Amino acid sequence: MTEPSARSDPSAAGKQPEEADRLRDILRAPGYLKALVLCALIGVPVSLAAFWFLVGLHELEHVLWADVPHGLGWDDPPWWWPMPLFLVAGLVVGLVAADLPGRGGHIPAAGLHTGGASSTALPGVILAAVASLPFGAVLGPEAPLIVLGGGLALLFRNLARAPATVQSNALLGAAGAAAAIAAIFGSPLVAAVLLIEVAGVGGPRLFAVMLPALLSSGVGALVFTGFGRWTGLETGSLRLRLPQAPPRLDVGDVLWTLLMAAAVAVVMHLVLTAGQRVAAFSEKAVRVRTVVCALGAGACAALYALITDRSPVEVASSGQATLSELAADPHAWGVGALLAVLAFKGVAYALCLGSLRGGPVFPALFLGAATGVLLAPLPGLGVVPAMAAGMAAATAATLRLPVSSVVLVALLLGSADTVPLVILATVVAFVTTELLPEGFGRRG
């Protein structure tokens, strides 16, 4: 099958060896090997710095939202607790954005970026993240980690007096960012795939090639699994036999996944568009308007607690801890609580996207999971498939990084049987978002 095609295209015979020789020459180049060694060495201090940075954020958040309220005699923070904390966050971030180099890092509504890593921006990025995330910003730490890792990598490169070029800056910045971000996702695979897509290697052509492959692999896995179940026959496969029984996927799961993914994509697009408008609003008179937006996000958390008599932490913060609680016991949330947390956290998310500093991943995961739990009672839809589809669709629509979304959600769920649904939801949400009319929320 391969010989005729080689004869019909004489250039194809020499193209593959030529590419292989080019790669071999790159790997043998002394400069590239030195860069690999330097990246490996830099990964050690960057990972340690990222670890202690995350530990510090977590401990400060626990003090502000648990220790201090307990010390004052409350089991949970009172409904008004978010207001003073968000006031502090808005004041500090506004000052950092106005007066320090780097403006405290990228505005979250603009998405994740790897470019522009600079050691001079590190103090402002760290200060803005410390003022935002532990104080209740509806954002995650991934964006500050990217800047922290890239900036530290360039700083260590300068201390080692290694030559600085455009290529080395990009290489070391990406390596440092990957080392840092692997700490929060708990997997070097997620970090590597995420950084490849964030860096935009291959441009739109890469996405155009990946989407058909993703979609066909997901459909193929569904057909293969369903046909094997129908016939009762087995084929050899590379799969670990885990003690926990996987969920049984059926036609209802697939159909609801397609509809849910499209709907979640539209809603998340509206949220991101709102975040872009908030960013434009806070850009002028940044000191004052950042405080106004932060207080608006705090008011969302306070109103949620006042109306539902639940903790304001469920709206405030990234949602990482609340996501674990939701996944562990989804039935502990009534329909009213789910609707309230989706509404108030969605608005607070949009306000924080345009004003405070952090990353967009974890709130999107929580909003997608909460949507899945809310819709799980639909006929033929289970809780686990609904959460898988919701998280995948929300992440893909927010990040617009399809492969990263699949890898991240699949690793979070830890079940290979949900991967086909994750792929379908990701592709549908990504395509839906890209085909929506261009508006203020579109990112290039």
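This is a guided tour of a predicted model, with suggestions for what to select at each stop.

**The whole chain**

Begin with the protein chain coloured by secondary structure, which comes to 17 helices and zero strands. Of its 444 residues, 48% count as buried. If contacts with a separation of 6 or more are considered, residues 24 or more positions apart account for 79% of them.

**Helix H10 and its two partners**

Next, select helix H10, residues 251–283, together with helix H17, residues 419–435, whose axes come within 8 Å and cross at roughly 40°. The crossing of this pair is right-handed. To display the contact, show the side chains of Asp 253, Val 254, Thr 257, Leu 258, Ala 261, Ala 262, Ala 265, Val 266 and His 269 on H10, which meet Leu 421, Leu 424, Ala 425, Val 428, Ala 429, Thr 432 and Thr 433 on H17. Sorted by character, the residues of this contact are 11 nonpolar, four polar and one charged.

Keep H10 selected and replace H17 with helix H15, residues 383–399; here the axes lie 8 Å apart and the packing angle is about 35°. The crossing of H10 and H15 is also described as right-handed. From H10, the residues to pick are Asp 253, Thr 257, Met 260, Ala 261, Val 264, Ala 265, Met 268 and Leu 272, and they meet Pro 385, Ala 386, Ala 389, Gly 390, Ala 393, Ala 394, Ala 397 and Thr 398 of H15. The contact of H10 with H15 divides into 12 nonpolar, three polar and one charged residue.

**The second largest pocket**

Now turn to the second largest pocket, with a volume of about 680 Å³. Of the 28 residues that line this pocket, His 58, Glu 61, Val 313, Ser 317 and Ala 321 are the closest to its centre, and selecting these five is a practical way to find the place. Helix H3 (30–71) and helix H12 (320–328) each supply at least two residues of the lining, and H3 gives the most, with eight residues. Colouring the lining by residue character would show 13 nonpolar, 10 polar and five charged residues.

While H3 is on screen, select Phe 51, which has its place in that helix. Is Phe 51 buried, partly exposed or exposed? Its relative accessible area is 43%, so Phe 51 counts as partly exposed. A distance drawn from its C-alpha atom to that of Ile 184, 133 residues away along the chain, comes to 8.4 Å.

**Two buried residues**

Move on to Pro 108, in the loop between helix H4 (82–99) and helix H5 (122–132). Because its relative accessibility is 3%, Pro 108 counts as buried. Not counting residues up to four places away in sequence, the neighbours that Pro 108 touches are Leu 139, Cys 352, Leu 353, Leu 356, Arg 357, Gly 358 and Pro 360. The C-alpha atoms of Pro 108 and Val 361 are separated by 9.8 Å, although the two residues stand 253 residues apart along the chain.

The last stop is Ser 404, found in helix H16, residues 402–413. Its relative accessible area is 4%, so Ser 404 is buried. Which residues surround Ser 404, leaving aside its neighbours within four places in sequence? Selecting its contacts brings up Val 193, Leu 194 and Glu 197.

Terms used:
Residues are numbered from 1 along each chain as its sequence is written. This is a predicted model: local features need pLDDT of at least 70, side-chain atom pairs count only at pLDDT 80 or more; totals for chains, interfaces and linings use all residues. Side-chain values use heavy atoms; hydrogens and water are left out. Axes are lines fitted to C-alpha atoms, for helices over the stretch in contact, and angles run from 0 to 180 degrees between N-to-C directions. Helices (H or I, at least four residues) and strands (E, at least two) are DSSP runs, numbered from the N terminus. A crossing is left-handed if the near helix is turned anticlockwise from the far one by less than a right angle, and right-handed if clockwise. Contact means heavy atoms within 4.5 Å. Ala, Val, Leu, Ile, Met, Phe, Trp, Tyr, Cys and Pro count as nonpolar, Asp, Glu, Lys and Arg as charged, and the others, Gly among them, as polar. On a 1 Å grid over the protein atoms alone, a cavity is a set of points where a 1.4 Å probe fits but cannot get out, and a pocket is an open set with protein on both sides within 12 Å along at least five of seven lines; lining residues have an atom within 4 Å of a point. Grid points are joined across faces, edges and corners, and a volume is the space filled by probe spheres set on the points. Buried means under 20% relative accessible area, exposed over 50%, partly exposed in between (1.4 Å probe, protein chains only).
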